[in-house]
Amino acid sequence: MSFVICYSFYAVCSMVIGHQTQWGFLQKIATAGQTPHALLFSGQNNLGKRKAAGDFIKLLNCQNKQDNEFCGQCFSCVNFESQRHPDLLVIKPSSKEIKIDQIRDLQKFLSYSNQAAKTKAVIIDEAHCLNQEAQSCLLKCLEEPSGVAMIILITSQPEELLATIRSRCEEIKFYPLAKEVIDEALFAQQSNPRLAEMIDLADGRPGLVISFLADNKLMESRLADFKLAKQLLASGLTERLILIKDYYLSLAKNNQDEEEAVIDNSEAFGAINQFLENLLIFLRHSLKKCLANGQNGQALTKLVQNLRQTEDLKFLLINSNINKRLLLENLVINL
Ligand SMILES: [Zn+2]
């Protein structure tokens, strides 16, 4: 398999990795020929939800389907894969939000006749970014389904969607995979000497391993985040405040002194969001280790508190305009 295909939008490898129950359910829907108007794929980032959505659309439309699997070679499969199919619309957030105009485009898209596909498809990626207006507009589309079309909402935060939207979708939940499942799928195809380390760091999320394979820097930055997390948890308050100040200033474009540091807001958002995600992974690993060793009491309680606090702050970072430096300081004060 070529490098380009391997790292394209949908294709991690020829088939979705793991998620056999979910894929089996989707195959049944495809066989029954009674496709629900809307599906909601929920679960953490990088589990393979997008890949499963893409594969399902291919399965519905494949011109050479065999044994309930798509061929990956026909006009339909190739063009859905490359997102160039005229009957596919992919909606993503532009600057953190999905706006009403994008849902109006969806309405227009649905009103046209299918050009080549049996089932026209819309993917709304990061659906939790739909703003209120856009959600209300989408709700109308879901209430009045038109033609043979399938809308797939993909999200890591389904609770951000209106209950009325969720109730009109068939929800399919995705969970982190066992390490062995990712091992089996990727070791057969990849010979990167650091693959085992990548799978270990990915914490059950195959999409992350693919990102590591495509971008070595991403793995290095994850390792740096883990190192910082470890240092923070082993330090006293004063040291933690110094560490987090240094981390924050390291995000400055110009690497200047504290007074002159220029921090790009959107770049800092991405880096801090990633750091909090990595801190959560680190804390979950520590919690698992703690439980496996039969530890309980104070250490365990503290880890659970840290997890909750980090989740809350991550939520605040994503959903408000909170001062990022204050957020980080708050995090380390309470660790
Ligand atoms: Zn095909």
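The legends below describe close-up views of a predicted model.

**View 1. The open sheet and its strand order.** Five strands form an open sheet in the order 2-3-4-1-5, and their pairing is parallel. Strand 2 (88-91) and strand 5 (170-173) occupy the edges, where each has a single partner strand, so one side of each is left without a neighbour in the sheet. On average, and with direction ignored, neighbouring strands of this sheet are turned by 15° against each other. Helix 5 (residues 100-111) packs on the sheet, where it touches strand 2, strand 3 (120-124) and strand 4, and the direction of helix 5 makes about 170° with that of strand 2.

**View 2. The pairing of strand 1 with strand 4.** Strand 1 (residues 38-42) and strand 4 (residues 149-155) are joined in the parallel sense over 5 bridges. Within this view, Leu-40 can be found opposite Leu-153 of strand 4.

**View 3. Strand 2 beside strand 3.** These two strands, strand 2 and strand 3, pair in the parallel sense over 4 bridges. Ile-91 has Ile-124 of strand 3 as its bridge partner, while Leu-88 stands opposite Ala-121 of strand 3. The two faces of strand 2 are unlike in their cover, since Leu-89 and Ile-91 make up a covered face, whereas Leu-88 and Val-90 make up an uncovered one. In strand 3, by contrast, both faces are covered, with Lys-120, Val-122 and Ile-124 buried on one side and Ala-121 and Ile-123 buried on the other. With 5 of its 5 residues buried, strand 3 is therefore largely enclosed by the rest of the structure.

**View 4. The crossing of helix 12 and helix 15.** The axes of helix 12 (residues 237-250) and helix 15 (residues 324-333) come within 9 Å and cross at roughly 150°. Because an angle over 145 degrees counts as roughly antiparallel, the two helices, helix 12 and helix 15, are described as roughly antiparallel to each other. Their crossing is right-handed. On the side of helix 12 the contact is made by Leu-237, Arg-240, Leu-241, Ile-244 and Tyr-248, and on the side of helix 15 by Arg-325, Leu-328, Glu-329, Val-332 and Ile-333. Sorted by class, the contact of helix 12 with helix 15 comprises 7 nonpolar residues and 3 charged residues, with no polar residue.

**View 5. Asn-46, a residue with positive phi in a loop.** Most residues other than glycine have a negative phi. Asn-46, which is not a glycine, has a positive phi near 70°, and its place is in the loop between strand 1 and helix 3 (49-61). As 20 or more other C-beta atoms within 10 Å make a residue buried, Asn-46, with 21 such neighbours inside 10 Å, counts as buried.

**View 6. Asp-203, a residue with positive phi between two helices.** The phi of Asp-203 is also positive, at about 55°, although Asp-203 is not a glycine. Asp-203 lies in the loop between helix 9 (195-202) and helix 10 (206-214). With 19 other C-beta atoms within 10 Å, Asp-203 is partly exposed, because the buried class begins at 20 such atoms and the exposed class covers 12 or fewer.

Terms used. Residues numbered from 1 in each chain as written. Predicted model: local features only at pLDDT ≥ 70, side-chain atom pairs only at ≥ 80, totals over all residues. Axes fitted to C-alpha atoms, helices over the stretch in contact; angles between N-to-C directions. Parallel < 35°, antiparallel > 145°, perpendicular 65-115°, else oblique. Left-handed = near helix turned anticlockwise from the far one by under 90°. Contact = placed C-beta atoms within 7 Å. Nonpolar A, V, L, I, M, F, W, Y, C, P; charged D, E, K, R; others polar. Pairing = 2+ DSSP bridges.
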